[in-house]
Amino acid sequence: MNNSKKIVLIGAGMVGMSFAYSALNQNLCDELVIIDINKQKAQGEAMDLNHGLSFSHSSMKISAGDYTECKDADIAVICAGVNQKPGESRLSLLSRNAEVFKTVISPLMESGFSGIILVATNPVDIMTRVSLELSKLPPERVFGTGTTLDTARLRYLLGKYFSVDPRNVHAYVMGEHGDSEFTPWSQALIATKPIEKVIETNSDRFNWVDLQKISSEVRDAAQMIIKAKGATYYGIGIAISRIVRAILRDEQSVLTVCSLLNGEYGRKGVYVGSPCIVGRKGVERTVELSLTKEETEKLHVSCDLLTECYDELETS
């Protein structure tokens, strides 16, 4: 029986290669194939990574390849697409990246690929839905990075604010990976204590105004980084590795990927970021949180926006 774990990375830009570098350092898989429209660049990236193998704990086989090598891959990580410009919303990328995906998903599926598609290209919620429609794979095997990175940013900032290890902060960012995302504070915990109670019993140190500032900082983080250095890639690269690890090791981890809702929160047929259990089969199930009425309305605003944008794309 062949238990070899194989990943194909489609798109050798900064996000894709940040993931590849992270995967190498974590010895994430047995084989990594890099595919890019610029074949020479893919070859150069593979060479560069291979030259570091002897310094790592990894025994990965890393190569540049083409879509014929996708048939037996466990996961196709899609990072292909055009970059987000300073001041440009993720949704404005939609039409340009939708065209790119037509040239990606078709040869991927023609190879006989039957694994899991993980999308990182922005706007990720809609690009994931595009991938589902083009691939015709079961929805549990097509999902995106969603608000995984946003959630990590939130936990980091909350950990800093409350002086606690971020790994002991249990809070999520939900909705669109973009301007309409939100933090359901009613579900936020430090260890097992609701953050609402922490603020109530420590009002001299903590307050809701600060938390709203943190929420805004999380939402605007990408634009701040893009303004400062031109693009974001390290954080999302590591986030992709985290999701891939959950899949390959069948961890059943709760991650805020964007998955297709099927009645959860009263919505169907829309990809949006929410806590899901991720394992070897992909999105095993959505963990439906007990949102307040206001939080549910915010989620619906995100879903409506994403549905409207997708419908406009279909029309055009």
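These exercises work through charges and cysteines in a predicted model.

**Exercise 1. Negative patch**

Task: Find which residues form the negative surface patch, and which helix gives the largest share.

Solution:
- Step 1. List the members. The patch is formed by Glu133, Glu308, Asp311, Glu312 and Glu314.
- Step 2. Assign the members to secondary structure. Helix α9, residues 293–315, supplies four residues, the largest share.
- Step 3. Check one member. Glu308 sits in helix α9. Its relative accessible area is 46%. Patch members need over 30% relative accessible area, and Glu308 is partly exposed.

**Exercise 2. Cysteines without partners**

Task: Determine how many disulfides the whole structure holds, and explain why Cys70 and Cys309 form no bond to their closest cysteine sulfurs.

Solution:
- Step 1. Search the whole structure. The count of disulfides is zero.
- Step 2. Recall the cut-off. A disulfide needs two cysteine sulfur atoms within 2.5 Å.
- Step 3. Take Cys70. The closest cysteine sulfur belongs to Cys29 and lies 13 Å away, so it is too far for a bond.
- Step 4. Take Cys309. Here the closest cysteine sulfur is that of Cys303, at 12 Å, which again is too far for a bond.
- Step 5. Add the surroundings. Cys70 is buried, at 0% relative accessibility. Cys309 is also buried, with a relative accessible area of 12%.

**Exercise 3. A salt bridge across the sequence**

Task: Work out which parts of the chain the salt bridge between Asp72 and Lys6 ties together, and classify each partner as buried, partly exposed or exposed.

Solution:
- Step 1. Start from the total. The whole structure has 11 salt bridges.
- Step 2. Check the contact. The side chains of Asp72 and Lys6 meet at 2.7 Å, N to O. The cut-off is 4 Å.
- Step 3. Place the partners. Asp72 lies in the loop between β3 (61–64) and β4 (75–78), and Lys6 in strand β1 (residues 6–10), so the bridge ties together parts 66 residues apart in sequence.
- Step 4. Classify Asp72. Its relative accessible area is 53%, so Asp72 is exposed.
- Step 5. Classify Lys6. At 6% relative accessibility, Lys6 is buried.

**Exercise 4. Two further bridges and a network**

Task: Describe the salt bridges Arg167 to Asp165 and Lys298 to Glu294, then name the residues joined into one network.

Solution:
- Step 1. Take Arg167 and Asp165. Their side chains meet at 2.8 Å, N to O. Arg167 is exposed, at 70% relative accessibility. Asp165 is partly exposed, at 30%.
- Step 2. Take Lys298 and Glu294. Their N to O distance is 4.0 Å.
- Step 3. Locate this pair. Both residues lie in helix α9, four residues apart, or about one turn of the helix.
- Step 4. Classify the pair. Lys298 is partly exposed, with a relative accessible area of 37%. Glu294 is exposed, at 52%.
- Step 5. Find the network. Arg242, Arg245 and Glu251 are joined into one network by salt bridges that share partners.

**Exercise 5. Sequence against space**

Task: Locate Glu31, state whether Glu31 is buried or exposed, and give its separation from Arg245 in sequence and in space.

Solution:
- Step 1. Locate Glu31. This residue is in strand β2, residues 31–35.
- Step 2. Classify Glu31. A relative accessible area of 16% makes Glu31 buried, since the cut-off is under 20%.
- Step 3. Set out both separations. Glu31 and Arg245 are 214 residues apart in sequence. In space, they are 14 Å apart, C-alpha to C-alpha.

Terms used:
Residues are numbered from 1 along each chain as its sequence is written. This is a predicted model: local features need pLDDT of at least 70, side-chain atom pairs count only at pLDDT 80 or more; totals for chains, interfaces and linings use all residues. Side-chain values use heavy atoms; hydrogens and water are left out. Patches are made of residues with over 30% relative accessible area and no salt bridge: like charges are joined within 9 Å, nonpolar side chains (Val, Leu, Ile, Met, Phe, Trp, Tyr) within 5 Å. Accessible areas come from the Shrake-Rupley method with a 1.4 Å probe; for residues, only the protein chains shown count as cover. Lys and Arg count as positive and Asp and Glu as negative; His and the chain ends are not counted. The place of a charge is taken as NZ of Lys, CZ of Arg, CG of Asp or CD of Glu. Helices (H or I, at least four residues) and strands (E, at least two) are DSSP runs, numbered from the N terminus. Buried means under 20% relative accessible area, exposed over 50%, partly exposed in between (1.4 Å probe, protein chains only).
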